[in-house]
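Here is a colleague's note for someone opening this structure without having seen it before. The points below move from the overall make-up to the interior, and from there to aromatic rings, charges and backbone.

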Amino acid sequence: MATWRKQYVVARPVYSEDSFVEQQEKICRQRKTPHLQRVFSKEVSPCDSKRVKNAALSLLPIIGWMKIYQVRKWLLGDVVSGISTGLVAIMQGLAFSLLAQLPPSYGLYTAFFPMLTYFFLGTSRHISVGSFPVLSLMVGQVVLRLVPGDGKPPANITGFEGLSEDHQRVLVASSLTFLMGIFQLAMGVLQVGFVVVYLSDTLVSGFTTAAAIHILVSQLKFVLGLNVLSVNGPLAIIDTLEKIFVQITSTNICDLVTSIVIMVVVFIVKELNDKYKAKLPVPIPIEVIVTIISCGISYGANFETRYNVTVVGKMVKGYESPMAPNLDVFRESAVEAFPIAIVGFAVAFSVAKVYSIKHNYTIDGNQELIAFGVSNIFGAAFRSFAASTALSRTAVQESSGGKTQIAGLISAMMAMVVTLALGFLLEPLPRSVLGALVIVNLKGMLMQVREIPYLWRRDKLDCVVWVGTCVGAILLGLDLGLAVGLGVELLTVVFRTQFPRCSVLANIPGTDMYRDHKDYMHIYEIKGVKIFRMPSPIFFANIEFFKDKLTEVGFNPLRVLKKRNKALTKIKIHLKKRKGMEGCYKNKPEESEDAGNVEELVLPTDFKDLPFQIDWNADLPGNISIPRVDLHTLILDFSAVSFMDISAIKGLRTALKEYIRIEVDVYIVACDVYILEKLHSTMFFDEEIHTSMFFPTLHDAVLHVQEKRKDCKSGNHWVRKH
């Protein structure tokens with residue numbers, strides 16, 4: 001059924017850019033300075049109280065939400081949420097420390113120290129700061145490279161003298177985390193939080209899926225109770241799987257059975273939590289329950305000695321004094337620290353953005369960089385490893401009633417209590433239980449493979465990014481895999497901009513709208529007029545593509561120009577012969593008609609000394625044949641062209657002149673004002689290319705062409721001059 005639509009009628013003159021500027025007074029505005037220049041500008045007055053207040057609120061977001069904190073409504077929810085999140089954070093800290101190749105007790109440090117500073121500096125009220133499996137694995141790869149263990153000598157690092165293998169690994173992990181924090185803090189201070197836009201959702205999804213596969217493989221040795229030598233570098237995952245299958249007959253049955261039972265129970269309860277989350281006041285803390293039961297059974301049945309099960313072992317009680325980072329580790333791990341910093345921030349910011357939208361408050365990407373940078377620097381000084389957030393832990397904090405980071409502070413206090421007083425209770429816990437908990441928590445990341453069919457149907461280039469990132473990270477390692485993913489992603493951007501989908505537009509009858517002439521049944525194309533649209537920036541890489549597409553619209557203007565100039569030379573010779581001037585040319589007839597002078601052939605057609613005008617579409621005398629041109633006007637729609645570089649401007653000028661010299665009128669419409677300014681500054685306009693060729697809208701240009709063609713009078717093909 002047809003729906004009634006509102007109509008509007010606008011009566012105004014047809015504008016070109018020149019006439020529009022003449023009629024409409026323009027405000028001269030000062031361009032904004034680049035962001036970094038504004039940050040360090042001396043114009044900022046330190047005495048401005050309003051600015052000082054805004055700076056304080058920006059640097060310490062806690063001031064903002066503490067002022068509106070509703071104790072009666074929010075405190076109970078924060079306490080319950082903090083306890084629930086703390087239980088999960090403790091278990092995940094213990095488990096993820098294995099990924100970082102560290103003793104489990106240091107996972108509790110990561111659940112405590114980073115949260116203390118994020119509480120004051122972070123802008124998100126809901127994310128749970130602590131260990132994240134992907135970052136833990138990336139840290140673990142650096143730790144293994146510098147302290148391989150298994151009888152292999154560590155790297156030649158000054159601070160390793162007199163330290164045990166575990167303490168060497170702790171030094172590497174904390175120094176790497178310190179450097180990661182420096183990178184994050186520096187990016188936050190320099191206001192370059194925008195760098196995360198280069199990590200698209202597709203890339204992050206493929207990368208985290210690959211990381212989940214690495215994590216799964218790394219935990220198999222704990223689940224199976226095998227003593228597998230750690231491998232690092234490209235194709236390490238294949239070597240690890242090979243070593244596991246070689247030793248598969250030595251599987252510890254007790255570890256395997258325990259792991260299977262734990263995974264099944266935790267998986268089922270987590271599914272029930274998701275299914276009945278609306279009815280449950282808080283999710284069932286199944287990780288904590290199975291951990292307590294496993295500790296009790298392991299201690300009572302003496303798993304360590306009776307079944308040769310590897311347990312957590314001695315837990316560090318209390319906190320050690322702060323430790324300075326090692327500069328040698330900085331030099332050895334700088335290449336890995338930067339991608340770890342980027343990935344950690346990108347994941348945390350993505351999760352924070354989801355919950356900020358849900359609860360209607362804003363987060364600041366640059367302030368988040370500062371918060372995580374300071375948190376990682378502070379935590380690293382107390383031997384914690386890389387901190388970010390985990391989606392599962394954050395989901396618990398939000399779904400169990402958490403309103404602010406008071407819940408996060410309470411969860412950190414719980415980790416502190418375990419470290420100071422209850423850590424010894426976790427000593428008999430089998431490491432296979434921690435491995436099983438890690439694997440179960442990978443479900444969300446592993447299930448991202450379901451995105452492949454969707455991406456293939458919707459956007460094949462995005463699918464290529466996902467698969468390329470995932471395969472690269474699986475085979476080459478996470479650091480090189482991230483670089484491969486970024487490379488593939490940038491290549492797709494180059495492909496989209498270098499080879500855009502150009503189109504020829506036509507008018508929707510009765511409107512001022514223009515659409516692709518291939519997409520509509522009833523559409524009006526003006527005879528002799530082509531409207532060409534380029535939906536991308538024009539720059540050095542695609543200017544030749546742009547010119548090639550223009551020739552596909554109808555013809556090659558340069559070829560036509562050369563043919564016409566050749567024909568004109570022949571016509572002039574023919575006329576002179578008819579006037580009895582053959583003697584002037586009889587000595588060099590071939591040279592006069594030769595097409596070898598390329599420079600002359602591409603110059604504008606010279607009708608001087610001709611007693612008539614030439615209609616190039618008519619039959620010419622002397623068997624002179626040239627390509628017929630039915631096009632009299634070419635309109636270029638630049639509404640989607642966001643910028644042009646110098647190479648593109650030069651190429652555009654050449655293309656326009658080729659059409660102008662064969663008597664095709666060219667108009668450019670909807671050109672961005674900054675591009676117009678650049679055209680003026682680069683001396684784009686001359687005696688052939690005028691500013692009058694530019695129109696503010698496509699319909700203005702079309703109306704101008706129609707009015708101009710009405711004034712053209714038809715006549716003989718050969719019209720003598722008066």
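1. Overall make-up. Please keep in mind throughout that this is a predicted model. The protein contains 30 helices and 10 strands, and buried residues account for 47% of its 722 residues. Among the contacts between residues at least 6 apart in sequence, 81% join residues at least 24 apart. The protein exposes about 37700 Å², of which carbon and sulfur atoms supply 60%.

2. The largest nonpolar core. Nonpolar side chains tend to be buried together in soluble globular proteins. Here the largest nonpolar core has 122 residues, and the members that touch the most other members are Leu94, Val134, Leu135, Val139, Val172, Phe207 and Ile340. Helix H15 gives the most to this core, with 15 residues. Valine 172, if its neighbours within four places in sequence are left aside, is in contact with Val142, Val143, Leu146, Val147, Phe160 and Val329.

3. A second core. Separate from the core just described is another of 38 residues, which includes Cys502, Ile675, Leu676 and Leu679.

4. A buried threonine. Which residues does threonine 469 contact beyond its neighbours within four places in sequence? Threonine 469 belongs to helix H22, which covers residues 460-476, and its relative accessible area is 0%, so it counts as buried. Its contacts, with those sequence neighbours left aside, are Leu203, Gly206, Phe207, Gly481 and Gly485. Phe207 also appears in the list of residues that touch the most other members of the largest nonpolar core.

5. Helix H17. In this helix, which spans residues 391-399, the residues Arg393, Thr394, Val396, Gln397 and Glu398 are buried. The buried residues of H17 pack against helices H5 (71-99), H15 and H18 (406-422), and also against strands E1 (129-130) and E2 (388-389). After H17 comes glycine 401, with a positive phi near 110 degrees.

6. Aromatic pairs. A pair of aromatic rings is described by the distance of the centres and the angle of the planes. Across the whole structure a search finds 29 aromatic pairs. In one of them, phenylalanine 178 and phenylalanine 330 have ring centres 6.1 Å apart and planes at 25 degrees, so this pair is stacked. Because phenylalanine 178 lies in helix H9 (residues 165-189) and phenylalanine 330 in helix H15 (residues 327-358), the pair ties together parts that are 152 residues apart in sequence. Phenylalanine 178 is buried at a relative accessible area of 18%, and phenylalanine 330 is buried at 14%. In the pair formed by phenylalanine 684 and phenylalanine 685, the ring centres are 5.3 Å apart and the planes stand at 90 degrees, so this pair is edge-to-face; both of these residues are buried.

7. An aromatic cluster. Ring pairs also link several residues into a cluster, whose members are Tyr106, Tyr109, Phe112, Phe113, Tyr319, Phe378 and Phe382.

8. Charges over rings. Arginine 125 lies over the face of tyrosine 361, at 4.5 Å from the ring centre. The charged end of lysine 460 sits over the ring of tryptophan 456, at 4.9 Å from the centre of that ring.

9. Cysteines. How many disulfides does a search of the whole structure find? The result is zero. Of the cysteines, one may look at cysteine 295, which counts as buried at 8% relative accessibility, and at cysteine 671, which is buried with a relative accessible area of 10%.

10. Positive phi outside glycine. Most residues other than glycine have a negative phi, and most peptide bonds are trans. Against that background, glutamine 191 deserves a check, with a positive phi of about 60 degrees although it is not a glycine. Glutamine 191 is found in the loop between H9 and helix H10 (201-224), where its relative accessible area of 24% makes it partly exposed. Asparagine 360 likewise has a positive phi, near 60 degrees. Asparagine 360 lies in the loop between H15 and helix H16 (365-381), and it counts as exposed because its relative accessibility is 72%.

Notes. Residues numbered from 1 in each chain as written. Predicted model: local features only at pLDDT ≥ 70, side-chain atom pairs only at ≥ 80, totals over all residues. Heavy atoms only, no water. Disulfide = S-S within 2.5 Å. Buried < 20%, exposed > 50% of the residue type's maximum accessible area, 1.4 Å probe, protein only. Phe/Tyr/Trp six-rings, centres within 6.5 Å; stacked < 30°, edge-to-face > 60°. Helix = DSSP H or I, 4+ residues; strand = E, 2+ residues; numbered from the N terminus. Lys NZ or Arg CZ within 6 Å of the ring centre and 35° of its normal. Contact = heavy atoms within 4.5 Å. Areas by Shrake-Rupley, 256 points an atom, 1.4 Å probe, with all protein chains shown as cover. Core = buried A, V, L, I, M, F, W, Y, C linked by side-chain atoms within 4.5 Å.
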